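Please look through the model below with its bound ligand in view. The paragraphs that follow begin at the ligand and then move outward to the sheet and the helices.

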Amino acid sequence: MLPGDNKYYLLNACLLGVRLLRYDLHTHSTASDGILSPENLVSRAKDHGIDKLAITDHDTVAGIAPALCAASVQKIDVIAGIEFSTCWKGRTIHVVGLNIDHNHTAIVSAVKRQTAARHERAVRIDQRLQKLGIQGALASALALAGDSVIGRPHFAQFLVQAGYVKTVNAAFKQYLGAGKAGDIKQVWPELDEVVAWICAAGGVAVLAHPGKYKLTRTKLCRLTEAFKDHGGKALEVISGRQDARVTQGLGEVAAQFGLYASCGSDFHIPDQPWQELGAFGTLPPSCIPVWDLWS
Ligand code: AMP
Ligand code: MN
Ligand code: MN
Ligand code: MN
């Protein structure tokens, strides 16, 4: 057992009777597709006993400054983060950047680039939906997004409100999810580019929710290897409430590639038990937590 091990840390904490700090390193606010404002997200995290909260909105850092202000009056640390969309071998992959300098020129220009990509994608989603006889999707999705970066959830909301489907989930299943009309990923930058943005801004690149890409173990290992080769440092071993076998398997992949382990709820909406703030298991003892890089 080495001082860097989670096992060593847990044992010491038990022996000393120290309360372990609670981390949630993947959350969304109204800056992207979350329901809570950055200020309300910080308050809810505080109420849920979180000590260290990373705000990782999709392709934007607009929520960081207001969250830092709110955090300074409450006893909670906000970690500046972002969740970039990227394309690897024809698949959309998400990479979280943690502990970034959100004002760094690399992030400012990356956000500009991603905002333009999201707009271009929205126009193309609208064209595809028009071909299916659905009119007015772009104008409605833009209106629903307001000041937030536009995303597929806004199109999903429109499809529900206009009566094309009953639920947001059905909108993804029928129109927006993998392989459907609204699944356009050619606008995203390559994996090496997004990892480089995060590294340039002094952050740690984390391969987000690796279990959600429906990859075989071989493909997941290929992705992880490419990610590490580009400068990626951590694997999100825990994403919300997940099966213990998934956690175990991802912990093994992290160890195999010498990556640190991250954990987060991927919180978007209150009261969804599988995505509630801080509501997830602990990292396997063999994992080295990503926050060791900051202490
Ligand atoms: P985008 O970033 O615009 O590509 O949209 C992806 C986001 O859509 C994810 O981060 C989720 O928040 C949401 N999402 C993806 N699949 C579903 C689904 N089946 N039901 C509800 N929301 C989903
Ligand atoms: Mn989302
Ligand atoms: Mn994601
Ligand atoms: Mn996310």
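Which backbone N or O atom lies 2.7 Å from an oxygen atom of ligand 1? The atom belongs to Arg152, and the pair falls within the 3.5 Å allowed between N or O atoms in a polar contact. Taken alone, ligand 1 exposes 500 Å², of which the protein buries 73%, the areas coming from the Shrake-Rupley method with a 1.4 Å probe. The model is a predicted one, in which local features need pLDDT of at least 70 and side-chain atom pairs count only at pLDDT 80 or more, while totals for chains, interfaces and linings use all residues. Residues are numbered from 1 along each chain as its sequence is written, chains are lettered from A and ligands numbered from 1 in the order in which they are written, and side-chain values use heavy atoms, with hydrogens and water left out.

Two side chains also approach oxygen atoms of the ligand: a polar side-chain atom of Asp33 lies 3.0 Å from one, and an N or O atom in the side chain of His58 is 2.9 Å from one. The shell around ligand 1, counted by heavy atoms within 4 Å, includes Arg118, Arg121, Gly151, Phe172 and His268. By class, this shell has three nonpolar, four polar and four charged residues, where Asp, Glu, Lys and Arg count as charged and Gly is among the polar ones. Helices H4 (105-131), H6 (152-161) and H7 (168-176) each supply at least two residues of the shell, and H7 gives the most, with three; helices here are DSSP runs of H or I with at least four residues, and strands are runs of E with at least two.

Elsewhere, seven strands form an open sheet with mixed pairing in the order E1-E2-E3-E4-E5-E6-E7, two strands being paired if DSSP finds at least two bridges between them. Strands E1 (23-24) and E7 (260-264) stand at the edges with a single partner strand each, so one side of each is left without a neighbour in the sheet. E1 pairs with E2 (residues 52-55) in the parallel sense over two bridges, and Asp24 has Leu53 as its bridge partner in E2. Helix H8 (residues 191-200) packs on the sheet and touches E3 (77-88), E4 (91-98) and E5 (204-207), contact meaning heavy atoms within 4.5 Å.

Note on methods:
A polar contact is a pair of N or O atoms within 3.5 Å; within protein, one must be able to donate a hydrogen and the other to accept it, and residues adjacent in sequence count only if both atoms are side-chain atoms. Axes are lines fitted to C-alpha atoms, for helices over the stretch in contact, and angles run from 0 to 180 degrees between N-to-C directions.
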